[in-house]
Amino acid sequence: MVFIVGGGLCVIGQLLMDLTPLTPAHVLVLFVVLGGILSGIGLYQPLVDIAGAGATVPLLGFGHALVTGTIEDINSFGFLGIFSGALKATATGIMAAVVFGFFMSVLFNPKGKGG
């Protein structure tokens with residue numbers, strides 16, 4: 001189920017980019033927001049339970065993690081959980097993106113114009 005769900009979500013994203021005027025940035029934002037909305041209304045967790053990483057690794061899973069972390073911290077800390085939950089739930093992924101992005105920028109040179 002991991003590969004079916006994860007692959008299906010990727011196919012939907014690719015079709016949105018190929019068949020609509022949406023740019024990759026639009027699809028990224030759409031998927032993160034959609035994952036957050038579906039998580040907030042309780043529809044995304046059943047997909048995570050069925051597909052595991054196939055639902056948590058794509059961009060929709062990032063929106064799900066943001067909302068889930070916020071809800072957990074609101075339940076634990078009240079109003080202040082709004083500010084801490086999303087960051088705690090996604091800190092590892094964000095930090096990995098920053099570190100790997102830095103190392104890639106140090107190791108490789110762009111081959112585009114003007115360089």
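This section describes the salt bridge and the helix α3 packing of a predicted model.

A single salt bridge is present in the structure. It is formed by lysine 88 and aspartate 73, whose closest N and O atoms lie 3.2 Å apart. The pairing connects distant parts of the chain, with lysine 88 located in helix α6 (residues 81-107) and aspartate 73 in helix α5 (residues 59-77), a separation of 15 residues. Side chains of opposite charge can pair when their charged atoms come close. The two partners differ in their accessibility class: lysine 88 is exposed because its relative accessibility of 52% is over the 50% cut-off, whereas aspartate 73 is buried because its value of 8% is under the 20% cut-off.

Helix α3 spans residues 44-51, and its buried residues are Tyr44, Val48 and Ala51. These residues lie on the same side of α3 because the arc that they cover around the axis is only 85°. An α-helix has 3.6 residues a turn, so residues three or four places apart point the same way. The exposed residues Asp49 and Ile50 are carried on the face of α3 that is turned away from the buried side.

The packing partners of the buried α3 residues are four helices, namely α1 (2-19), α2 (24-40), α4 (53-56) and α5. Helix α5 thus appears in both parts of this description, as it holds aspartate 73 of the salt bridge and packs against the buried residues of α3. Glycine 52 follows α3 and has a positive phi, near 55°.

How values were computed: Residues are numbered from 1 along each chain as its sequence is written. This is a predicted model: local features need pLDDT of at least 70, side-chain atom pairs count only at pLDDT 80 or more; totals for chains, interfaces and linings use all residues. Side-chain values use heavy atoms; hydrogens and water are left out. A salt bridge is a side-chain nitrogen of Lys or Arg within 4 Å of a carboxyl oxygen of Asp or Glu. Helices (H or I, at least four residues) and strands (E, at least two) are DSSP runs, numbered from the N terminus. Buried means under 20% relative accessible area, exposed over 50%, partly exposed in between (1.4 Å probe, protein chains only). The arc is that of the directions from the helix axis to the C-beta atoms. Contact means heavy atoms within 4.5 Å.
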